[in-house]
Amino acid sequence: MPRRETTLTEFIIGEQRKAAGATGGFTAALNDIRLACKRIAYQVGKGALAGLHGRAGSRNVQGEEQQKLDVLANEIFLATNEWGGHLAGMASEEMEHPYRIPDAYPRGKYLLLFDPLDGSSNIDVNVSVGSIFSVLACPEGVPGDAERAYLQPGTKQVCAGYAIYGPSTMLVFTFGRGVHGFTLDREIGEFIYTHPDLRVPEDTSEFAINTSNSRFWEPAVKRYVDECMAGRSGPRGKDFNTRWVASLVAEAHRILMRGGVFLYPRDTRENGRAGRLRLLYEANPIGLVIEQAGGRASTGYGAVLEVEPQALHEKTGFVFGARREVERIETYHRDFNERPYDAPLFGARGLFRTAHRG
Ligand code: MN
Ligand code: MN
């Protein structure tokens, strides 16, 4: 007998059997998401051979330059998910308005939101990229192509996750009962259950932030980073390492595998703009995965999953990872962010030693 491995199909069906009243529509929806991710993994894996590197010559609704693979990955997500009858509509980073399911296909009750290719500026340098997805129930009586159907807080997600296209392709997701990781077996074309019950370690000595933005940081963020950088002789009493891949999926995956904290905070550019990451199809799905793994996901000021969205492409500050670190950063925002931050900060060191050491 060959070794018996659990496939994603078996896993999903097993979960469906556990859930009272499950109809299977959701199982089918996840199957299609899985297929879209496999199709994108195939294209990404061909690299320069596919002739798909480089810019598409267009910009998306957020004014970002689209790569050819951004456009292709978006088309793959739409074409793979539109026909199955489980979805009421879709929304994507790459499309200004929600996508209407063509009349030729039946409509379902779920909404699929996605970032088809995250970190796509890394494609040409062969660094990990990914896809991020979030599934919501379409509110009763609201059409699936109406923007307001999608404006639900992250706590309402029924499923969320990402695929990472790295040296291996993995699919990581949650239904709200823990976080499950699968690795694509390219020979048999199926995801295998390799990472049960993923947990974010509570403490860390790694942090990830784009330091080139430091002149725009708010006092709380400056303070947090300075304290980490001060290392063993600073208020934290230990040395930290920095990491920065500039790909949200790759950062989230590293933090899920071995811990750490990620910050893309709100900053003072454009008059305290909200941040850079998109709430509905980046921060919320990654946030649910991280929280289901025992970590914390925050705007800097409070739980990102509780934010009531006002717009489809709304942006947010985003801080996530090891629970205790994120809670510390939230404390700094609440208690110290209004005061101008005056480096060196260690005049306040005594205060931090007593209040926040732990
Ligand atoms: Mn992205
Ligand atoms: Mn993208």
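1. In this predicted model, two helices meet through a defined set of residues. Helix 1 contributes Leu 8, Thr 9, Ile 12 and Gln 16, and their partners in helix 2 are Thr 27, Leu 30, Asn 31 and Arg 34. By character, the residues of this contact comprise three nonpolar, four polar and one charged.

2. The geometry of the pair may be considered next. Two packed helices are described by the angle between their axes and the distance between the axes. Here helix 1 spans residues 8–18 and helix 2 spans residues 25–46; their axes come within 10 Å and cross at roughly 160°. Angles over 145 degrees count as roughly antiparallel, so helix 1 is roughly antiparallel to helix 2. The crossing of helix 1 past helix 2 is right-handed.

3. A separate point concerns the metal site. The manganese ion (ligand 1) has as its protein donors Asp 115 (OD), Asp 118 (OD) and Glu 282 (OE), at 2.0 to 2.2 Å from the ion. Along the chain, the donors of this manganese ion (ligand 1) have the spacing D-x2-D-x163-E.

4. Two of these donors deserve attention for their placement. Asp 118 belongs to strand 4 (residues 110–118) and Glu 282 to helix 6 (residues 279–292), so the pair ties together parts that are 164 residues apart in sequence. Asp 118 and Glu 282 are both buried.

5. Which residue bridges the manganese ion (ligand 1) and the manganese ion (ligand 2)? Asp 115 forms this bridge, and the two ions lie 3.8 Å apart. Asp 115 is also one of the protein donors of the manganese ion (ligand 1) listed above.

Note on methods:
Residues numbered from 1 in each chain as written. Chains lettered and ligands numbered in written order. Predicted model: local features only at pLDDT ≥ 70, side-chain atom pairs only at ≥ 80, totals over all residues. Heavy atoms only, no water. Axes fitted to C-alpha atoms, helices over the stretch in contact; angles between N-to-C directions. Helix = DSSP H or I, 4+ residues; strand = E, 2+ residues; numbered from the N terminus. Parallel < 35°, antiparallel > 145°, perpendicular 65-115°, else oblique. Left-handed = near helix turned anticlockwise from the far one by under 90°. Contact = heavy atoms within 4.5 Å. Nonpolar A, V, L, I, M, F, W, Y, C, P; charged D, E, K, R; others polar. Donors = N, O, S within 2.8 Å, 3.2 Å for Na, K, Ca; no water. Buried < 20%, exposed > 50% of the residue type's maximum accessible area, 1.4 Å probe, protein only.
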